[in-house]
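Open the model in a viewer and keep the selection tool at hand. The stops below are meant to be taken in order.

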Amino acid sequence: MSLFRRRQTVEAARQMPDTPPCATASCAAECLTRNFRPREVNRRISETISNAPARYAAWNGTYGWQSKYMLTVNRSTCGVLVTMRLKITGTITDAQKAAWKAAIEARWNGKVKFVCPDTACPGACGAGYPVRVEVLWVTSNEHYVITANNPAANEGGRSGLGGTTSMTGWGVDDTVDITHEFGHMLGAPEEYFTTNGIDHTHGGTRDGFRDAGGGNMNNPSHDPLPPNYDLIRQEAVTVLGRTVACTTQPQ
Amino acid sequence: MTDTTEIQASATITAPRLERASELELHVTLTNTGAAPVRLNTLFFPYAQIQLRVVHEDGTPTGSGPPPLPPHDDGQTGRVLFAPGEVLRLVYRGAQYFVNELPPGRYRVRFRHVNHFADDGDWTGEVASDWSSFEIVEPATITGE
């Protein structure tokens, strides 16, 4: 391709920021179609819960965990993909596994995009990078081991409501609370009671958890909020490079 | 053992030398040592992050994963009438508490139940087991046990 022709195609891509640059036949500069090397994220997360109501005082404390997943950023398709490799221990049916995966992906996919202007590559994915998560069931090289909790096999009532007892202990028939636990894997902290100094009771006007107006990290029956993707956004910036700044926007 | 007027807790570890923290198994026994039945709130007993504390040998917390989203407490669900002399047995596994495996070293774990909310008529107070020690060892160093 001649230099003149290349400039033409790059300019054409800049004029069509809502179109993935390689959606057209003529693909321009390499930066416009670059697929970045997948990044294995392993990041320490910490949160402090305080001011829990008296019934829930046991929740007060500081908690920590590692947020782990593989992040892929593609400019050829203008997308951000979070791949979570999960290994299951315990008894679970294929249908229950499929329900877990469907619930998580439906809850977290198609909600936000990252808009990431790149001063070194104007026009690259100008309409943004929709964020998608994908759950993969694996038997090795997992990010997390999930214990399948079967409520029917509880020990002294110890299976918990819905069977989900923690970030990695999931009730086999639960398709609600597990989407919240998955959010922790993505690095999202709680949004209930007072977490990290933020009062989610809004001055005592709400219960502070499982509220009607809460996002997924407050009420797992609801979708995540854009800030719940913050750590993914930060990691995407790391992948894209120092010439990029990303904002999270509803999709 | 933290002695209360009515409930006592004890805990034992099945295998105190482990290669993986997720394999930890803690057996907890609660006993009503009082003369009268008590109404015990067991609603949160399934949640290892809420009921257990794990520390390094020097007492610094190891940290658990995030706590579970609390269930709605209607003041009825999870309540048991705990008769005098009755024993309640609980089993916690490391996989319920730890999101990440612990590095080799010596640790301690204990069960603790605290309730200061009296409005529902539940037993109030604090009961905790003694600390139980365990050790995480390098893989393949456990033989013949």
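The tour starts with the whole of chain A, moves through its helices and strands, and ends with chain B. Keep in mind throughout that this is a predicted model.

**Stop 1: chain A as a whole**

Select chain A and show it as a cartoon. Chain A has 4 helices and 10 strands. Read from the N terminus, the elements come in the order α-β-β-β-α-β-β-β-β-α-β-β-α-β. Of the 251 residues in chain A, 40% are buried. Among the contacts in chain A with a separation of 6 or more, 64% are between residues 24 or more positions apart.

**Stop 2: helix H3 of chain A**

Select residues 177-185 of chain A, which form helix H3. How many of the residues of H3(A) are buried? The count is 9 of 9, so the helix is mostly covered. The buried residues run from A:Asp177, A:Ile178 and A:Thr179 through A:His180, A:Glu181 and A:Phe182 to A:Gly183, A:His184 and A:Met185.

Now show what surrounds them. The buried residues of H3(A) pack against strands E2 (61-74), E3 (79-89), E6 (144-149) and E7 (169-171) of chain A, and also against helix H2 (94-108) of chain A. Past the end of H3(A), pick A:Gly187, which has a positive phi near 100 degrees.

**Stop 3: helix H4 of chain A**

Select residues 230-240 of chain A for helix H4. Its buried residues are A:Ile232, A:Arg233, A:Glu235, A:Ala236 and A:Leu240. Turn the view to look down the axis of H4(A): these buried residues fall within an arc of 165 degrees, so they line one face of the helix. An α-helix has 3.6 residues a turn, so residues three or four places apart point the same way.

The cover over the buried residues of H4(A) includes E1, E2, E3, E4, E5 and strand E10 (247-250) of chain A. Just after H4(A) comes A:Gly241, with a positive phi of about 110 degrees.

**Stop 4: strands around E5 of chain A**

Select residues 129-137 of chain A, which are strand E5. Strand E5(A) pairs with E3(A) in the parallel sense over 7 bridges. To see one of these pairings, label A:Arg85 and its bridge partner in E5(A), A:Leu136.

Strand E4 of chain A (residues 112-115) also pairs with E5(A), here in the antiparallel sense over 2 bridges. The residue to label is A:Lys113, whose bridge partner in E5(A) is A:Pro130.

**Stop 5: the largest nonpolar core**

Which residues touch the most other members of the largest nonpolar core? They are A:Tyr129 and B:Val28, in a core of 82 residues. E3(A) supplies the largest share of this core, 5 residues.

Centre the view on A:Tyr129. Leaving aside residues up to four places away in sequence, A:Tyr129 touches A:Val73, A:Cys78, A:Gly79, A:Val80, A:Lys113, A:Phe114 and A:Cys116.

**Stop 6: two partly exposed residues**

Select A:Glu105, which lies in helix H2 of chain A. With 17 other C-beta atoms within 10 Å, A:Glu105 is partly exposed. Beyond residues up to four places away in sequence, A:Glu105 touches A:Val133, A:Glu134 and A:Val135. A:Glu105 and A:Arg132 are 27 residues apart in sequence, and their C-alpha atoms are 7.8 Å apart.

Next select A:Arg34, in the loop between helix H1 (3-15) and strand E1 (39-50) of chain A. A:Arg34 is partly exposed, with 15 other C-beta atoms within 10 Å. From A:Arg34 to A:Thr77 is 43 residues in sequence and 9.4 Å in space, C-alpha to C-alpha.

**Stop 7: a sheet in chain B**

Switch to chain B and find the open sheet of 3 strands, with the order E1-E3-E7 and antiparallel pairing. Strands E1 (7-13) and E7 (87-93) of chain B stand at the edges with a single partner strand each, so one side of each has no neighbour in the sheet. On average, neighbouring strands of this sheet are turned by 20 degrees against each other, direction ignored.

Strand E3 (residues 25-32) of chain B is joined to E1(B) by 7 bridges, and the two run antiparallel. Label B:Ser10 and its bridge partner in E3(B), B:Thr29.

**Stop 8: where the chains meet**

Finally, show both chains. The contact takes 32 residues from chain A and 31 residues from chain B. On chain B, the elements that give two or more residues to the side touching chain A are helix H1 (48-51), E7 and helix H2 (94-97). Of these, E7(B) gives the most, with 4 residues. By class, this side of chain B has 19 nonpolar, 10 polar and 2 charged residues.

Conventions: Residues are numbered from 1 along each chain as its sequence is written. Chains are lettered from A and ligands numbered from 1 in the order in which they are written. This is a predicted model: local features need pLDDT of at least 70, side-chain atom pairs count only at pLDDT 80 or more; totals for chains, interfaces and linings use all residues. Two strands pair if DSSP finds at least two bridges between them. Axes are lines fitted to C-alpha atoms, for helices over the stretch in contact, and angles run from 0 to 180 degrees between N-to-C directions. A residue is buried if 20 or more other C-beta atoms lie within 10 Å of its own, exposed if 12 or fewer, and partly exposed in between; C-beta atoms are placed from the backbone. Two residues are in contact if their C-beta atoms, placed from the backbone, lie within 7 Å. Ala, Val, Leu, Ile, Met, Phe, Trp, Tyr, Cys and Pro count as nonpolar, Asp, Glu, Lys and Arg as charged, and the others, Gly among them, as polar. A nonpolar core is a set of buried Ala, Val, Leu, Ile, Met, Phe, Trp, Tyr and Cys residues joined through C-beta atoms within 7 Å. The arc is that of the directions from the helix axis to the C-beta atoms.
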